Amino acid sequence: MTHAVRVERLGKRYAINQGRASATLRETITRGIHSLVKAKTPPVDDAASANGRQDADHVWALKDVSFDVAEGERIGVIGANGAGKSTLLKVLSRVTAPTEGSVEIRGRVASLLEVGTGFHPELSGRENIFLNGTILGMTTAEIRKKFDAIVGFSGVDKFIDTPVKYYSSGMYVRLAFSVAAWLEPDILIVDEVLAVGDMAFQRKCLERMRELTGEGRTILFVSHSMTSINQMCQKALVLKKGRVVAFDPVEDAIVKYRRSADEPGEDLALADRAEIDKLMVRGGSGDVRIRSWRLKGTTADAVPAIAIGGTLECEISYEPVHSEAVGAVLDVGFAIDTLAGTRIYTYVSGWQGHHALVEAHGGTTTIAISDLMLRPGTYLISLSLIHAGTPYDALTHCGAFGVTGPSEAGGISWQPDFGSVRFPISFTDGARP
Amino acid sequence: MLKETKVITADAPTTAYWGEVWRHRDLIAFLAWRDILVRYKQTIVGVAWAVLRPLATLLVYTFVFGRIAQLPSNGLPYALVVFTGLLPWQLFSLVFGAVSESLVTNATLVSKVYFPRVVIPISAIGVCLFDYLISCGLFLLLVVWLGVPLGWQIVLIPFVTILAVLSALGIGLLAAAFNAHYRDFRHVLPIVLQLGAFLSPVGYLTSVLPAKWQFIYALNPVVGIIDAYRWCVLGTSDVIFPPSILVTIVFTAGTLWYGLLVFHRMESTFADVI
């Protein structure tokens with residue numbers, strides 16, 4: 001397969017000290033005079049401190065980023081705030097130049113880093129469609145041809161000759177997205193724009209984007225919404241502090257992202273999962289801490305795979321941090337989320353009268369869920385220890401497991417937003433009375 | 001269909017840059033059209049403004065230089081002397097101001113969409129030309145009302161106009177690049193333009209100056225533009241000092257070349273600093 005985008009050892013460095021980059025003239029002159037005056041005193045340890053400052057003054061927003069995107073692929077880009085997602089898109093869309101490395105792009109690119117770039121409040125909807133379309137790279141003839149489709153898609157037909165400053169914010173973004181939706185580039189680069197409009201409109205946008213890839217277009221898509229990423233993309237690129245953490249099929253990538261999200265450590269090999277003390281998504285008072293936990297069937301580099309209807313077993317071990325906690329009565333909490341972060345299951349041991357007693361050197365509890373009626377996919381687990389209604393410890397998304405089995409086939413294909421629970425179900429036909 | 005392959009690296013793209021600018025001519029037109037539309041759509045005052053501003057300046061200059069200072073006008077109505085100075089000066093200063101501010105006023109575009117950045121300053125010229133044409137209309141009315149005969153030289157006006165625009169674009173590009181990096185530069189600009197209006201023969205004829213100063217005075221590139229402009233409209237009513245127009249042409253070619261060079265070299269970092 002031919003590649004649409006090839007990124008090689010891409011790096012982008014920014015000056016942290018914005019005071020230098022976009023300084024005022026006044027500051028620069030003052031600094032210049034200061035340094036002139038300073039230069040007269042012998043620069044004893046200036047060289048050493050200058051070296052140190054060199055590093056402190058700059059930050060690599062992207063470093064050593066390499067990946068290939070094949071034609072027609074939909075790639076999600078995920079990562080925490082400041083991971084370099086937007087910088088990557090900016091470099092790919094040529095808004096800013098990289099500091100090192102190279103990007104090879106085959107085909108016409110349209111990038112949507114913001115909804116309604118160049119929209120002017122004083123201009124009417126019609127005028128803005130032409131202006132925005134031109135800014136995004138369409139020709140006038142092209143816009144004229146697609147004008148009706150754009151207006152129809154946005155649903156603001158009645159107000160098309162009204163200045164957009166009188167639009168509601170919903171109408172504004174709908175119109176803005178509609179222009180972009182009718183761009184027909186080979187490669188579409190999109191940043192977070194789906195977070196606009198109501199549910200119905202968001203769904204329309206996703207549909208449109210899927211349609212575009214159906215026509216062989218390549219899409220790079222940044223979003224914080226794992227639901228959108230999961231629905232939209234086949235693969236995802238996980239960035240962390242400007243480096244590529246993973247570039248895998250979307251479900252695996254989301255698991256890795258969830259795991260890495262707030263972990264201070266650099267590496268995120270699955271073997272590291274036991275080092276839960278590094279997890280920052282940790283709540284609770286800390287009187288008793290979970291020291292380790294293990295899902296049955298876990299190996300060094302794979303999450304356990306459980307067949308539909310199978311049993312999920314999780315063993316946790318804990319110990320008291322303060323001696324005051326010894327003798328306390330604990331409830332063990334267990335929860336399952338979808339990759340998109342939707343909670344589908346919570347259980348607290350006390351609901352069936354089970355409590356654990358905290359011993360001086362701790363203890364273990366094994367949780368077993370049988371008849372796991374979930375559809376195939378990847379799920380995340382969260383654990384907690386609760387005493388008298390307040391958590392001692394709470395680990396969010398500390399682990400993952402997969403469910404395998406025959407996926408729904410025939411007729412309508414399953415979509416992630418259809419829900420994850422699979423109750424036993426039967427249909428019986430009969431004649432009308 | 002064979003798809004075009006682009007390679008993005010740290011170096012500023014030089015090959016095919018002008019071809020790319022040419023492909024964005026629609027965008028240049030649309031941005032210019034937007035500026036004009038926005039200025040004149042908002043209110044009736046928008047259009048009135050374009051008429052009032054040159055008219056007010058005309059009255060003040062005519063009063064100060066013609067009535068109070070009693071400067072010679074070679075037998076012409078003084079308002080005509082001022083107007084022929086004001087038209088090119090207004091065009092020059094508007095273009096210079098608009099071009100140098102253009103990157104900052106279009107910061108959202110610069111930081112969100114790619115196109116050759118030089119599109120922005122070029123499109124900023126549009127609204128200035130529009131204002132200028134309105135002033136020209138006013139001037140024609142004045143000429144007809146005063147019954148001043150126009151010579152054949154009037155056909156050369158477009159060339160002088162282009163010269164004025166290009167010279168302002170050249171230094172405007174330098175100022176724009178500078179402006180993106182040093183924000184308080186914009187406060188310096190009005191002062192420069194204020195001074196320029198008096199250092200250039202806007203409110204008086206160049207012949208007012210003693211002959212020995214003419215040569216030094218001609219080093220101001222705007223002098224050549226205004227003198228040429230007056231000559232085109234009023235005929236031989238004032239000195240034409242050949243070096244002055246030569247200075248202007250050399251200055252225009254030089255700043256335009258250097259301005260484009262600097263602007264192009266810096267454009268890949270505009271998004272980072274703006």
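1. Start with the pairing around A:Glu313 in this predicted model. The bridge partner of A:Glu313 in β17(A) is A:Ala368. That pair belongs to the contact between strand β13 (residues 312–320) of chain A and β17(A), where the strands run antiparallel and 7 bridges join them.

2. Now step back to the sheet around that pair. Three strands make an open sheet in chain A, in the order β11-β13-β17, and the pairing is antiparallel. The edges are β11 (288–295) and β17 (363–369) of chain A; each has a single partner strand, so one side of each lacks a neighbour in the sheet. From one strand to the next, the twist averages 25 degrees. As a reminder, strands of a sheet pair through backbone hydrogen bonds, either parallel or antiparallel.

3. On domains, the assignment splits chain A into domain 1 (15–60), domain 2 (65–260) and domain 3 (271–407). If you look at domain 2 and domain 3 of chain A, their C-alpha centres are 38 Å apart. Their contact draws on 8 residues from domain 2 of chain A and 10 residues from domain 3 of chain A.

4. Which helices should you look at on the domain 2 side of that contact? They are α9 (226–232) and α10 (250–260) of chain A, each supplying at least two residues to the side of domain 2 that touches domain 3. Of the elements there, α10(A) gives the most, with 5 residues. By character, this side of domain 2 of chain A divides into 3 nonpolar, 2 polar and 3 charged residues.

5. Helix α6 (residues 140–154) of chain A deserves a look of its own: at A:Lys146 the helix bends by about 55 degrees. A:Lys146 is also one of the buried residues of α6(A), along with A:Ile143, A:Ile150, A:Val151, A:Phe153 and A:Ser154. The cover over these buried residues includes α5 (125–135) and α7 (169–181) of chain A. Just after α6(A) comes A:Gly155, with a positive phi near 70 degrees. When reading the buried list, keep in mind that an α-helix has 3.6 residues a turn, so residues three or four places apart point the same way.

6. Next, the interface between the chains. Here 41 residues of chain A are in contact with 32 residues of chain B. On the chain A side, the elements that give two or more residues are α2 (25–39), α4 (85–92), β4 (100–106) and α5 of chain A. The largest share, 6 residues, comes from β4(A). The chain A side comprises 16 nonpolar, 15 polar and 10 charged residues. Note that α5(A) turns up twice in this note, on the side facing chain B and in the cover over α6(A).

7. How does β4(A) run relative to strand β1 of chain B, parallel or antiparallel? The two run antiparallel, and 4 bridges join β4(A) to β1 (residues 5–8) of chain B. One pair to check by eye is A:Val103, whose bridge partner in β1(B) is B:Ile8.

8. Finally, some totals for chain A. The secondary structure comes to 10 helices and 19 strands. Of its 433 residues, 39% count as buried. Among contacts in chain A between residues at least 6 apart in sequence, 73% join residues at least 24 apart.

Key. Residues are numbered from 1 along each chain as its sequence is written. Chains are lettered from A and ligands numbered from 1 in the order in which they are written. This is a predicted model: local features need pLDDT of at least 70, side-chain atom pairs count only at pLDDT 80 or more; totals for chains, interfaces and linings use all residues. Two strands pair if DSSP finds at least two bridges between them. Axes are lines fitted to C-alpha atoms, for helices over the stretch in contact, and angles run from 0 to 180 degrees between N-to-C directions. Domain bounds come from an automatic or database domain assignment. Two residues are in contact if their C-beta atoms, placed from the backbone, lie within 7 Å. Ala, Val, Leu, Ile, Met, Phe, Trp, Tyr, Cys and Pro count as nonpolar, Asp, Glu, Lys and Arg as charged, and the others, Gly among them, as polar. The bend at a residue is the angle between axes fitted to the seven residues ending there and the seven starting there. A residue is buried if 20 or more other C-beta atoms lie within 10 Å of its own, exposed if 12 or fewer, and partly exposed in between; C-beta atoms are placed from the backbone.
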